[in-house]
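Got the model open in your viewer? Switch to a cartoon view, keep side chains a click away, and follow along.

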Amino acid sequence: MRVMTGLKAAIVAGALALLPGAASAQQAVRIGLGAPTLSFLPIWSARALDTFKAEGLTATAVALPGGDASALAALDAGDIDVAAVGPDAMLRAVAKGQPFEIVYSLMSKVTLQLVVSPAVLERTGVKTSDPLEKRLSVMKGALVGATALAGAQEIAARWLAGKGGLDPKNDLKVAQVGSPTAIQAALETKRIDAFVLSPPEGYLAEKAGTGVVLVSLGDDFPLLASQPYLVLVAKKPISPATADLITRTAKALQQASAAAISKPDETADAIQKQFFPKADPQAVSAALKAMRSGVAEGGKIDVQSMQNALTFAKEVGTNFGKEFDAKASEDDLWTNRFVGAAKAK
């Protein structure tokens, strides 16, 4: 079973299992996910290790059909307590007047990886040990498979082409293929030359011998190594009761993130066994190890990392409908209030 297939099933099963009374004396925290990806590492780690329990919480995490926009709509309606989304959707909503605030950085680096077929490397003579610009040169004339056109994968691919000195618009083609499973199949049958996805997809392609991880965006580009890539969002005004709930949630996520860093194999094992027991345990472990540096700050955001996110958005042509200033928006658009309170507990 593919990792993401198992993960989606686990989310549904987990939601159905939380019947009235199951939480007992524990308080429920409802987390809406924009997408059920493993990049939301602190949430899966916290649920697998049950670090919510020590904070008097029972967590419900459900992926909502419709992605980030649906998660934010549920947050606005009060159907969930916090939304786990990418910051772009949240910034667009805020630009339109929605009262949202980032309260925790769930993944503080871009997790996407450029994976290419061995045939491309053989044809171009490029090696994984080559300088970054030379590695990126393999994108010239390449056909990149994506889940959807004009989405994050295509945007990242064209940005990478530009960083390699290529024409982002004309030097590569992007084809809509579908799910990660379909993309993997397309790479195996040589219908595409490359893809840009987050772990564990690169590991799975390498294990199958159909692809090679050529670039890890969050490791190869300083701009992408430190920025809130996935975030936890709350609706303002935040009441004292909700503030307490967010602080305890942040503490549970910090404890789980610390375990992912110090005990990656044990944490990955717990995630794999609880959420997708039929998935390849090594794939889960490899994904966790590839992303764990993104949870090292325990949810903290600083002005520079926020500015990095805004700079990257501008470089890829994202228009939020409003200009944001990283420093001026502190404790309004984003805050470390709850992260700090959780660390002090």
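This tour goes from sheet to strands to cavity to salt bridges.

**Before you click**

What you have is a predicted model, where local features need pLDDT of at least 70, side-chain atom pairs count only at pLDDT 80 or more, and totals for chains, interfaces and linings use all residues. Residues are numbered from 1 along each chain as its sequence is written, and side-chain values use heavy atoms, with hydrogens and water left out.

**Stop 1: the five-stranded sheet**

Select residues 57–63 and 100–107. These are β2 and β4, the edge strands, each pairing on one side only. They belong to an open sheet of five strands in the order β2-β1-β3-β10-β4, with mixed pairing. Helices (H or I, at least four residues) and strands (E, at least two) are DSSP runs, numbered from the N terminus, and two strands pair if DSSP finds at least two bridges between them. From one strand to the next, the twist averages 25°; for such angles, axes are lines fitted to C-alpha atoms, for helices over the stretch in contact, and the angles run from 0 to 180 degrees between N-to-C directions.

Strands of a sheet pair through backbone hydrogen bonds, either parallel or antiparallel. Now add residues 27–33, strand β1, which runs parallel to β2 with seven bridges joining the two. For a landmark, click Val29: Ala59 in β2 stands opposite.

On to β3, residues 82–85. Three bridges join β1 to β3, again in parallel, and Gly32 has Ala83 of β3 as its bridge partner. Show the β3 side chains: Val82 and Ala84 point one way, Ala83 and Val85 the other, and all are buried. Buried here means under 20% relative accessible area, with exposed over 50% and partly exposed in between (1.4 Å probe, protein chains only).

Which way does β3 pair with β10? The sense is antiparallel, over three bridges. Val85 is a handy marker, standing opposite Val231 in β10.

**Stop 2: strand β8 and its partners**

Select residues 194–197, strand β8. Ala194 and Val196 point one way and Phe195 and Leu197 the other, and all are buried. Bring in residues 113–116, which form β5: four bridges join β5 to β8, and the two run antiparallel. Gln113 has Leu197 as its bridge partner in β8.

Then add residues 142–146, strand β6, which runs parallel to β8 and is joined to it by two bridges. Here Val144 stands opposite Ala194.

**Stop 3: the cavity**

How many cavities of 30 Å³ or more does the structure hold? The count is one, and about 50 Å³ of space lies in the largest cavity. A cavity, on a 1 Å grid over the protein atoms alone, is a set of points where a 1.4 Å probe fits but cannot get out, and lining residues have an atom within 4 Å of a point. Grid points are joined across faces, edges and corners, and the volume is the space filled by probe spheres set on the points.

Select the lining: Lys109, Val110, Thr111, Leu112, Gln113, Pro199, Ser216, Leu217, Gly218, Asp219, Ala290 and Met291. Two elements, α10 (217–220) and α14 (281–291), give two or more residues to this lining, and α10 gives the most, with three. The lining divides into six nonpolar, four polar and two charged residues. In that split, Ala, Val, Leu, Ile, Met, Phe, Trp, Tyr, Cys and Pro count as nonpolar, Asp, Glu, Lys and Arg as charged, and the others, Gly among them, as polar.

**Stop 4: salt bridges**

Side chains of opposite charge can pair when their charged atoms come close. The whole structure has 17 salt bridges, each a side-chain nitrogen of Lys or Arg within 4 Å of a carboxyl oxygen of Asp or Glu.

Start with Asp76 and Lys235, whose side chains meet in a salt bridge at 3.1 Å, N to O. Asp76 lies in helix α3 (residues 67–77) and Lys235 in strand β10 (residues 230–235), so the pair ties together parts that are 159 residues apart in sequence. Asp76 is partly exposed at 30% relative accessibility, and Lys235 is partly exposed at 30% as well.

Next, zoom to Glu154 and Arg158, with their closest N and O atoms 2.9 Å apart in a salt bridge. They sit four residues apart in helix α7 (residues 152–163), about one helical turn. Glu154 is buried, at 14%.

Finish at Asp269 and Lys273, a salt bridge at 3.2 Å, N to O. This pair is four residues apart in helix α13 (residues 264–275), about one helical turn. Asp269 is partly exposed at 33%, while Lys273 is exposed at 55%.

Conventions:
1 Å grid on protein atoms, 1.4 Å probe; cavity = no way out; pocket = protein on both sides within 12 Å on 5 of 7 lines; lining within 4 Å.
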